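Here is a short, friendly tour of one protein chain. Have a look at the structure below, and then we can walk through it together.

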Amino acid sequence: MLVLTDMRDTNVGGDLLPAMNAASAATKNHVLKTALLGVSDMKRKLADLLTAIMGQPLKYFDNIESAKNWLVEE
């Protein structure tokens, strides 16, 4: 599975981490790549923490076309 998460115009709170951990654990064996849009400051720290905990690599992007292109690269 390829994952594209758009976090632009979102707010992230501490209560989100358990839900993100659970989702990551449930999908870890099925995800090949994850691209994140709109991640900066606190959102990036949270994403980095989730990556460290769950071991799911991800890459940050500023625009959707770059993210899509990266996801389908071999």
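Let us begin at the surface of this predicted model. Val-72 has a relative accessibility of 60%, so this residue counts as exposed, the cut-off for that class being over 50%. Val-72 belongs to helix 3, which covers residues 64-72. Together with Leu-2 and Leu-32, Val-72 makes a nonpolar surface patch of about 320 Å².

From the surface we can turn to the strands. How many of the residues of strand 2 are buried? Strand 2 takes in residues 33-37, and 5 of its 5 residues are buried, so "mostly covered" is a fair description under the cut-off of 20% relative accessible area. Lys-33, Ala-35 and Leu-37 point one way from the strand, while Thr-34 and Leu-36 point the other way. Both sets are buried. That pattern follows a familiar rule: in a regular strand, side chains alternate between the two faces of the sheet.

Strand 2 has a partner in strand 1 and another in strand 3, as the table shows.

| Strand pair | Bridges | Direction |
|---|---|---|
| Strand 1 (residues 2-6) and strand 2 | 5 bridges | parallel |
| Strand 2 and strand 3 (residues 59-61) | 3 bridges | parallel |

Individual residues help to place these pairings. Asp-6 stands opposite Leu-37 in strand 2, and Leu-36 stands opposite Tyr-60 in strand 3.

Just beyond strand 2, Gly-38 sits in the loop that leads to helix 2 (41-54). With 25% relative accessibility, Gly-38 counts as partly exposed, because that class lies between the 20% and 50% limits. Gly-38 and Asn-63 are separated by 25 residues in sequence, and their C-alpha atoms are 8.1 Å apart in space.

Helix 1 (residues 16-27) offers a simple geometry check. At 1.5 Å a residue, its 12 residues should span 16 Å, and the end C-alpha atoms are 17 Å apart, which agrees. Which residues of helix 1 are buried? They are Leu-17, Met-20 and Ser-24. Viewed down the axis of helix 1, the buried residues fall within an arc of 65 degrees, so they line one face of the helix. The general reasoning is that an α-helix has 3.6 residues a turn, so residues three or four places apart point the same way. On the face of helix 1 turned away from the buried side, you will find the exposed residues Pro-18 and Ala-26.

Methods
Residues numbered from 1 in each chain as written. Predicted model: local features only at pLDDT ≥ 70, side-chain atom pairs only at ≥ 80, totals over all residues. Heavy atoms only, no water. Buried < 20%, exposed > 50% of the residue type's maximum accessible area, 1.4 Å probe, protein only. Helix = DSSP H or I, 4+ residues; strand = E, 2+ residues; numbered from the N terminus. Pairing = 2+ DSSP bridges. Patch = residues over 30% accessible without salt bridge, like charges linked within 9 Å, V, L, I, M, F, W, Y side chains within 5 Å. Areas by Shrake-Rupley, 256 points an atom, 1.4 Å probe, with all protein chains shown as cover. Salt bridge = Lys/Arg side-chain N within 4 Å of Asp/Glu carboxyl O. Expected span 1.5 Å × (residues − 1). Arc of directions from axis to C-beta.
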